[in-house]
Amino acid sequence: MRFSGLRVLKEGLTGNKGWKPHWRDPQPKSEYDVIIIGGGGHGLATAHYLASQHGITNVAVLEKGYIGGGNVGRNTTIVRANYGLPGNSEFYSHSLNLWEGLEEDLNYNVMHSQRGIINLFNSDGARDAAARRGNQMISQGDDAVLMDNAAVRKMIPYLNFDQTRFPIYGGLYHPRGGTARHDAVAWGFARAADQRGVDLIQQCEVTGIDIVDGKVCGVQTTRGPIRAKKIGMAAAGRSSQVAAMAGMRLPIESHVLQAFVTEGLKPCIDTVITYPMGHFYISQSDKGGLVFGGALDYYSSYAARGNLPMAEHVIENAMTLMPMITKARVLRSWGGIMDMSFDGSPIIDKTHIDGLYLNCGWCYGGFKATPGSGHVFAHLIATDRPHKAAAAHRLDRFRTGRGIMDEEATGSQHNLH
Ligand SMILES: Cc1cc2nc3c(=O)[nH]c(=O)nc-3n(C[C@H](O)[C@H](O)[C@H](O)COP(=O)(O)OP(=O)(O)OC[C@H]3O[C@@H](n4cnc5c(N)ncnc54)[C@H](O)[C@@H]3O)c2cc1C
């Protein structure tokens, strides 16, 4: 079934009786050409592009919970292409280009809103770094505008510009950045993959990876064994645990990242604002809630929930930047498990095991990567060659030291990311 304005009108006039579930609920088959472990954004997007770009439709996505229950439905929805380093810069640019045609490709409203994103800076040194990053973005073909204090004041006058701790010097504005509705992205990719014949198997946890003579041949799951010629791992925060089933130890640590939303308010913030010195960022959802977050919890954990010390830390910074936020009431907070790589950049590569492919290391930035990640991972699985937009995201960089992309310039310390 295709969605269209006409269809909405027809259904509205006939009691909405013609809508069908977005995807089937199939029983697992005994064998697939490709199994994707993880029904998050990346796994679903990979399945969609395997089917739509490479004609590989005998595919199953195995999800231990439900579609959209992982980080793809827990993030703060920011989409941007303002990465600085070669390798990441091309990749996120590729992803943003895919976002711009995504709703048409999926025939689904993911509410992609290019409302712009502004990264504030609070010192001369930070302004130099922003100018350098902006030039890199422009030379990559993306957009960036360096704004001084007066220009930022005009655009977002409600900030506390003259605070003594980190006075606002200006901002780097990225007009094509913005937001998308996170769970709609999961649903849109799921529906599109299902329509091309991909089996989405929920409540199906992978508990083992079967390998014979250095080659994968299937998985063990809570719904029984399933054979496969190729297996893609896209388990985000659980990547280390899934890779361990194949005897691999990844350069990944899992940390919790939390987020918060207020009650619905009238429109007051029409862009995305980030305040790196305060580990704080904010936007307003289409429902009116102020959606905001901050830094990682500083220790490794698989607990996908919030806690009070981080709530205090984030809200202190919110109050410093935006005193008006005191009037808003926080409705809820939550957490998701981040797969933090040691250089802050993702890994999209073959493994040493024939037929086993790895997609992980998204840190706290993998939502914006969803179409790009699925697109290049599908290419890798289908052709056994890395896509040119992800050629730098190799696993062996952590062994050889060559090609490390220290995107956050924090070295190997996750808690400084
Ligand atoms: C609070 C928060 C804010 C964030 N904000 C942003 C943002 O604004 N912008 C941005 O770009 N990124 C953001 N991120 C990061 C982004 O959400 C993640 O990097 C991205 O969603 C990870 O990819 P995914 O969607 O495939 O992950 P997930 O949705 O977590 O998918 C992985 C799936 O694998 C499944 N799985 C795990 N183990 C198994 C197993 N053994 N068997 C079967 N299935 C398994 C899990 O259940 C899960 O559904 C944020 C994350 C959080 C938590």
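Here are some questions and answers about the predicted model shown above.

User: Before we start, which pLDDT limits apply to this predicted model?

Analyst: Happy to set that out: residues are numbered from 1 along each chain as its sequence is written. In this predicted model, totals for chains, interfaces and linings use all residues, local features need pLDDT of at least 70, and side-chain atom pairs count only at pLDDT 80 or more.

User: Into which domains is the chain divided, and how far apart do their C-alpha centres lie?

Analyst: The bounds come from an automatic or database domain assignment. Domain 1 takes in 28–81 + 84–106 + 182–251 + 343–416, and domain 2 takes in 117–176 + 253–341. Their C-alpha centres have a separation of 27 Å.

User: Which helix gives the most to the side of domain 1 that touches domain 2?

Analyst: Contact here requires C-beta atoms, placed from the backbone, within 7 Å of each other, and helices are DSSP runs of H or I with at least four residues, strands runs of E with at least two, numbered from the N terminus. The contact takes 31 residues from domain 1 and 26 residues from domain 2. On the domain 1 side, α3 (88–100) and α8 (239–244) each supply at least two residues. With four residues, the top contributor is α3.

User: Where does the ligand lie with respect to the two domains?

Analyst: A residue counts as near the ligand if its C-beta atom, placed from the backbone, lies within 6 Å of it. The surrounding shell has 39 residues, the closest being Gly38, Gly40, Gly70, Gly336 and Gly366. α2 (41–54) and β12 (252–264) each supply at least two residues of this shell. Since domain 1 and domain 2 both give residues to the shell, the ligand lies between them.

User: How many residues of the shell around the ligand are nonpolar, polar and charged?

Analyst: Ala, Val, Leu, Ile, Met, Phe, Trp, Tyr, Cys and Pro count as nonpolar, Asp, Glu, Lys and Arg as charged, and the others, Gly among them, as polar. By that scheme, the shell splits into 14 nonpolar, 19 polar and six charged residues.

User: Is α7 mostly covered or hardly covered, and how many of its residues are buried?

Analyst: A residue is buried if 20 or more other C-beta atoms lie within 10 Å of its own, exposed if 12 or fewer, and partly exposed in between, with C-beta atoms placed from the backbone. The buried residues of α7 include Trp187, Phe189 and Arg191, and among the elements covering them are α2, α4 (102–106) and α10 (370–383). So by the burial cut-off, α7 is mostly covered, and its buried count out of 14 residues is eleven.

User: What span should helix α7 have, and what is the distance between its end C-alpha atoms?

Analyst: The expected span is 1.5 Å times one less than the number of residues. For the 14 residues of α7 (residues 182–195) that gives 20 Å, which agrees with the distance between its end C-alpha atoms, 20 Å.

User: How many residues of helix α1 are buried?

Analyst: Helix α1 covers residues 5–13 and is hardly covered. Just after α1, glycine 15 takes a positive phi of about 80 degrees. Among the nine residues of α1, the buried count is zero.

User: Is threonine 77 buried or exposed?

Analyst: Threonine 77 sits in the loop between β2 (59–62) and β3 (78–79). Its phi is positive, near 70 degrees. Most residues other than glycine have a negative phi. Because it has 24 C-beta neighbours inside 10 Å, threonine 77 counts as buried.

User: Where is glutamine 203, and how does it count for exposure?

Analyst: Glutamine 203 has a positive phi of about 55 degrees although it is not a glycine. Its place is in the loop between β8 (199–201) and β9 (206–212). With 13 C-beta neighbours inside 10 Å, glutamine 203 counts as partly exposed.

User: Which residues does arginine 115 contact, leaving aside its neighbours within four places in sequence?

Analyst: Arginine 115 is in the loop between α4 and β4 (117–121). It counts as partly exposed because it has 14 C-beta neighbours inside 10 Å. Beyond those sequence neighbours, the contacts of arginine 115 are Gly178, Thr179, Asp270, Thr271 and Val272.

Note on methods:
Contact = placed C-beta atoms within 7 Å.
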